[in-house]
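Student: Hi! Could you walk me through this model before I head back to the bench?
Tutor: Happy to, let's have a look together.

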Amino acid sequence: MPRSVHLWYGSGAVATSVFNTVPGLLLLIYLTDSLAVSPALAGIVVFLPKLVDLLVSPYIGIWSDRTRSSWGPRRPWMLAGALTLPVLFAAVFAGPPLQGDTAALYVALLFVAAALAGSMFQVPYTAMPGEITDDYHERSTFNAWRTAFVGLALLLGGAAAPVIQSSFGDDATGYRVMGLVMGLLLLASMLSAVVGTRRAPRPAYVHRSEGLLPQLRVAFAHRHFRVLFPAFLLMSVAGGTMVAGVPYVTANVMGEPAYTSILMVCVLVPLMASAPLWKRLSVRIDKRGAAGCAAAVFALGGLGLLLIPLWGVPAAVLSSVLVGIGLSGTTLLPASMLADCLAATDEAGRRQGGVLAGLWTSGEAMAQSVGTGLLSLSLAVSGYVESSAGEVVRQSDEALRGMLVGSTLVPAVVMLSCLVPLAFYRLTAARTSEPDRAAV
């Protein structure tokens with residue numbers, strides 16, 4: 001396909017990644033340190049919208065599968081998400097004059113709505129590469145572009161968002177401006193993907209007429225998706241835990257909140273730069289082996305971050321580079337493997353890509369929230385003390401150890417555990433042309 005289709009498809013990853021990264025990085029600390037929400041309740045607020053999303057996203061996938069439009073089945077849903085998510089995202093960080101439980105309720109309600117709007121874009125967006133090309137390695141090309149834009153999004157969301165938030169005299173104004181800027185970025189990215197993929201093929205399939213539960217049974221009978229999905233969930237939990245812990249570690253363990261942006265840059269530049277290398281490695285040793293290598297590199301970087309109290313900034317920088325290289329592979333390769341699974345379900349002429357993409361999207365959101373929940377649990381158990389905007393609280397040594405272990409060792413162990421289900425994945429280049437009878 002034309003390079004422009006690859007490029008514009010990849011640009012949509014800016015929106016999906018910003019929406020996952022900024023709340024993952026800042027929402028928990030926004031709740032605990034600006035709105036005086038307890039760590040335990042803040043973890044529930046972050047987790048609850050993803051639970052709702054988990055229940056609804058497969059339905060969005062089904063409705064997308066059944067959509068008949070001159071735009072194709074996916075792009076109308078992507079447009080609906082593009083017109084609603086930016087407003088809701090900005091409202092989440094609007095910083096109303098609320099504290100404690102009422103502030104938690106406000107954020108939870110808006111975050112639920114934003115999560116659903118995000119799924120309207122992300123579910124059909126995720127389904128597209130498995131439908132618009134039959135080429136095993138071109139799916140990796142799509143996802144190499146997607147990974148490069150994920151890196152750009154993380155650079156904008158993970159590095160720029162904290163800078164914007166901290167550039168104002170008070171936290172409330174900083175969060176409002178950051179939410180507005182990131183909302184505009186979401187809008188631009190989503191609209192560019194909707195418009196830019198208009199030249200992509202629009203394959204026609206016979207949609208499934210079954211309800212959700214029968215389709216889910218068929219989805220989990222897919223032998224390749226059944227083992228890829230838990231491996232991907234563990235990768236997402238690990239990434240979500242580490243990202244949520246960065247601002248806590250830089251502010252409390254390293255003693256300088258400005259290090260948040262520096263470390264994110266150290267992660268994101270290697271993430272973007274190494275994406276073509278992971279694609280080449282996947283051609284040489286196939287995607288499963290390359291994904292295992294990426295998980296090992298990420299875990300090595302996470303263990304290195306545990307040494308920050310001993311080796312300081314050099315350990316943080318070097319380990320962050322390793323995390324970025326590993327994160328590049330664990331972003332690109334599972335998405336490309338998913339596209340192979342989506343293509344393997346269509347040999348009977350029936351469309352189910354939206355259902356699998358809905359499961360994948362909701363599972364990713366849920367896994368990242370579980371990662372944030374693991375960190376909030378570490379904070380709560382170790383005695384972390386919440387605060388309101390402008391209030392300075394000195395954390396205990398036990399709380400500092402808890403946030404460091406929860407941000408480094410825990411995600412490293414979770415990432416390594418993905419190697420167990422990944423070992424059973426068998427969909428290689430040689431087998432993509434074989435009928436997947438378990439999926440029919």
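**Helix packing and the core**

Tutor: Let's start with a helix pair: helix 3 (residues 75–92) and helix 4 cross at roughly 155 degrees, and their axes come within 8 Å. Keep in mind that this is a predicted model.

Student: Is helix 3 roughly parallel or roughly antiparallel to helix 4?

Tutor: Roughly antiparallel, because the angle of roughly 155 degrees is over the 145 degrees that counts for that label. The crossing of the two, helix 3 and helix 4, is left-handed.

Student: Which residues make the contact?

Tutor: On the helix 3 side they include Trp77, Met78, Gly81, Leu85 and Val92. Helix 4 contributes, among them, Tyr106, Leu110, Phe111, Ala114 and Tyr125.

Student: OK, what about helix 1 and helix 4, at what angle do they pack?

Tutor: About 160 degrees, with the axes 11 Å apart; helix 4 here is residues 100–127. Helix 1 and helix 4 are therefore roughly antiparallel to each other too, and helix 1 passes helix 4 in a left-handed crossing.

Student: Which residues meet there?

Tutor: From helix 1, they include Tyr9, Gly10, Phe19, Pro23, Leu27 and Leu31. Among their partners in helix 4 are Val107, Phe111, Ala115 and Gln122.

Student: Tell me more about Leu27. What is it in contact with, leaving aside neighbours within four places in sequence?

Tutor: Leu27 touches Val22, Val46, Val92, Phe93, Val107 and Phe111. Leu27 is also one of the residues with the most contacts inside the largest nonpolar core, along with Val22, Leu31, Phe93 and Met178.

Student: How many residues does that largest core have, and which helix gives the most to it?

Tutor: The core has 107 residues. Helix 1 (residues 3–33) gives the most, with 15 residues. There is also a second, separate core of five residues, including Trp77, Val123, Ala127 and Ala357.

Student: Back to helix 1 for a second: is Ser11 buried or exposed?

Tutor: Ser11, which lies in helix 1, counts as buried, because its relative accessibility is 6%. Leaving aside neighbours within four places in sequence, Ser11 is in contact with Phe149, Ser189, Ser192 and Ala193.

Student: Switching topic: how many disulfides does the structure hold?

Tutor: Zero.

Student: And the cysteines, is Cys418 buried or exposed?

Tutor: Cys418 is buried, with a relative accessible area of 0%. Cys293, at a relative accessible area of 35%, is partly exposed.

Technical notes:
Residues are numbered from 1 along each chain as its sequence is written. This is a predicted model: local features need pLDDT of at least 70, side-chain atom pairs count only at pLDDT 80 or more; totals for chains, interfaces and linings use all residues. Side-chain values use heavy atoms; hydrogens and water are left out. A nonpolar core is a set of buried Ala, Val, Leu, Ile, Met, Phe, Trp, Tyr and Cys residues joined through side-chain atoms within 4.5 Å. Buried means under 20% relative accessible area, exposed over 50%, partly exposed in between (1.4 Å probe, protein chains only). Helices (H or I, at least four residues) and strands (E, at least two) are DSSP runs, numbered from the N terminus. Contact means heavy atoms within 4.5 Å. A disulfide is a pair of cysteine sulfur atoms within 2.5 Å. Axes are lines fitted to C-alpha atoms, for helices over the stretch in contact, and angles run from 0 to 180 degrees between N-to-C directions. Angles under 35 degrees count as roughly parallel, over 145 as roughly antiparallel, 65 to 115 as roughly perpendicular and the rest as oblique. A crossing is left-handed if the near helix is turned anticlockwise from the far one by less than a right angle, and right-handed if clockwise.
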